[in-house]
Amino acid sequence: MPDLGELPLEEFVIDGENKIATTAMGTIVAHVGQKDPNFIISNADGNAASGINNINQALKIIHPTPDEIYFQGPKGQVYEPLSEDACAGLAVGLALFGARTLWCSYESFAINGLPIWQTVTQAMAELRRPTPSTITLFTAGALEQGRNGWTHQRPEIENYFAAMMRNGNIFPLFPCDANSIQVCYEWALSTKNKGITITASKSPLPVRTTFEQTRQGLQDGAIVLHETKGSKTVVFAVIGDMSLIPVFDAASDLENQGIGVRIVSVISPRRLYRPDDTAWKTCTDADGGFLDDQGFEQLFGGDGLIGVTGGTSAMLEPIMLRSTCKRDVVAWKRGETTGSAGQIMAFNGLTAEALAKRATELVG
């Protein structure tokens, strides 16, 4: 494959201007396509809606009729049929045979392409030759827009990836900001024979981490974003970026009560399993990197632990299996049509008030 050279990573200032994670990744995707003429990105509908119109602008949508307004042309590298099956099939098929690809999905129809993605990742695990990993980018439309889960990206599809983590070569990644997503994609590009899903928001959100923190998170599975001491310690294990907002608000309430809080961003939950939980030893390009018990205790040890996610609770299984303290989970329950992200999170119990209340109950 063509050498990509130095990736155009841009490290944003922590607590500075809010940044869109998907757009930050789109800059790198554009670079990959410009360096590698065989690179294809597929998306059934919504690169612009997903905050990655910069990819269309740089690589052009494949279409026989050139049109600069819609960034399309006959030699484009963006494949945009209205079929998730076609998008998934093209992207994973090309990856299986040796090409770099990216499958993006904004609408809920990602579910139609997942069986194809699963089949190819299984083949990659069994092959005795290296392939580029098959990489995806999913934007969390339901959580962000306050839409019901049947018309926009369904958090429930994370159940699929949560179950597949036990294959040994599946790595769902949850960058927590615009810096984090760049490092996640950088790592994904360096891997072989893996299925890597990146889930991120298309809304401007706070920058909370440095590049180095996410590199550590990709190795350990998670990183500490915030920690204070108190009479008791409540640990929030958080998956996602937008779901951090009510957690930080809850932390303020708890700290005012004298309770210590540690907020841990879970970047790569697969790293938090125990080695015997997955079939990693039989995978091509076997990856046996798992956080040891001492590291796990440093991240998640406390008087109470609450797993928080805007997606499926199944993604928190590696943490819940290993934790020995009082614990609970606050997760996505069901989609509902609302007017804002805050309302859909409240419908699913993802509020600062609910989190603080459960935390105080856990630690007595």
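Partly exposed describes a residue whose relative accessible area falls between the buried range, under 20%, and the exposed range, over 50%. Keep those cut-offs in mind as you go through these close-ups of a predicted model.

**View 1. Aspartate 285, a partly exposed loop residue**

Here we visit aspartate 285 in the loop that runs between strand S13 (260–266) and helix H10 (293–300). Its relative accessibility is 41%, so aspartate 285 counts as partly exposed. Look at the backbone too: aspartate 285 is not a glycine, yet its phi is positive, at about 55°.

**View 2. The whole protein chain, before we zoom in again**

How many helices and strands does the protein chain have? There are 13 helices and 15 strands. Taken along the principal axes, the box filled by the C-alpha atoms is roughly 65 × 45 × 35 Å. A compact globule of 364 residues would have a radius of gyration near 21 Å, and the protein chain agrees with this, having 20 Å. Buried residues account for 58% of the 364 residues. The protein chain exposes about 14,100 Å², with carbon and sulfur atoms supplying 51% of that area. Many contacts bridge long stretches of sequence: among those between residues at least 6 apart, 75% join residues at least 24 apart. As for charge, the mean position of the 29 positive charges and that of the 40 negative charges are 5 Å apart.

**View 3. The largest nonpolar core and isoleucine 198**

This core holds 68 residues, and the members touching the most other members are Leu102, Tyr185, Ile198 and Phe236. Which helix gives the most to this core? That is helix H7 (residues 178–189), with eight residues. Now pick out isoleucine 198 and leave aside its neighbours within four places in sequence. Its contacts then include Met25, Phe138, Leu173 and Pro175. Isoleucine 198 is also in contact with Ile181, Cys184 and Tyr185. Apart from the largest core lies another core, of 41 residues, and among its members are Ala44, Ala91, Val92 and Leu316.

**View 4. Serine 180 in helix H7**

Is serine 180 buried or exposed? With a relative accessible area of 0%, serine 180 is buried. Not counting residues up to four places away in sequence, serine 180 touches Pro175, Thr209, Thr214 and Ile267.

**View 5. Valine 13, an exposed residue**

Valine 13 sits in the segment before strand S1 (19–20). A relative accessible area of 61% is over the 50% cut-off, so valine 13 is exposed. Valine 13 and asparagine 179 are 166 residues apart in sequence, and their C-alpha atoms are 8.9 Å apart in space.

**View 6. Lysine 60 and isoleucine 61, at the start of strand S3**

Lysine 60 belongs to the loop between helix H2 (53–59) and strand S3 (61–62). Its phi is positive, at about 70°, although lysine 60 is not a glycine. The relative accessible area of lysine 60 is 23%, so this residue is partly exposed. Isoleucine 61, by contrast, lies in strand S3 and counts as buried at 10% relative accessibility. Leaving out residues up to four places away in sequence, isoleucine 61 touches Asn56, Tyr70, Phe71, Gln72, Gly73, Gly76, Val78 and Glu80. Isoleucine 61 and isoleucine 41 are 20 residues apart in sequence, with 9.3 Å between their C-alpha atoms.

**View 7. Asparagine 53 in helix H2**

Asparagine 53 counts as partly exposed, at 23% relative accessibility. Which residues does asparagine 53 touch, not counting those up to four places away in sequence? They are Asn47, Ala48 and Phe71. Asparagine 53 and threonine 27 are 26 residues apart along the chain, and their C-alpha atoms are separated by 9.8 Å.

**View 8. Proline 246 in helix H9**

For the last stop, find proline 246 in helix H9 (residues 244–256). At 6% relative accessibility, under the 20% cut-off, proline 246 counts as buried. Not counting residues up to four places away in sequence, proline 246 touches Met345, Leu350, Thr351, Ala352 and Leu355. Proline 246 and alanine 346 are 100 residues apart in sequence, while the distance from C-alpha to C-alpha is 9.8 Å.

Note on methods
Residues are numbered from 1 along each chain as its sequence is written. This is a predicted model: local features need pLDDT of at least 70, side-chain atom pairs count only at pLDDT 80 or more; totals for chains, interfaces and linings use all residues. Side-chain values use heavy atoms; hydrogens and water are left out. A nonpolar core is a set of buried Ala, Val, Leu, Ile, Met, Phe, Trp, Tyr and Cys residues joined through side-chain atoms within 4.5 Å. Buried means under 20% relative accessible area, exposed over 50%, partly exposed in between (1.4 Å probe, protein chains only). Helices (H or I, at least four residues) and strands (E, at least two) are DSSP runs, numbered from the N terminus. Contact means heavy atoms within 4.5 Å. The radius of gyration is taken over C-alpha atoms; the globule rule is 2.2 Å times the number of residues to the power 0.38. Accessible areas come from the Shrake-Rupley method with a 1.4 Å probe; for residues, only the protein chains shown count as cover. Lys and Arg count as positive and Asp and Glu as negative; His and the chain ends are not counted. The place of a charge is taken as NZ of Lys, CZ of Arg, CG of Asp or CD of Glu.
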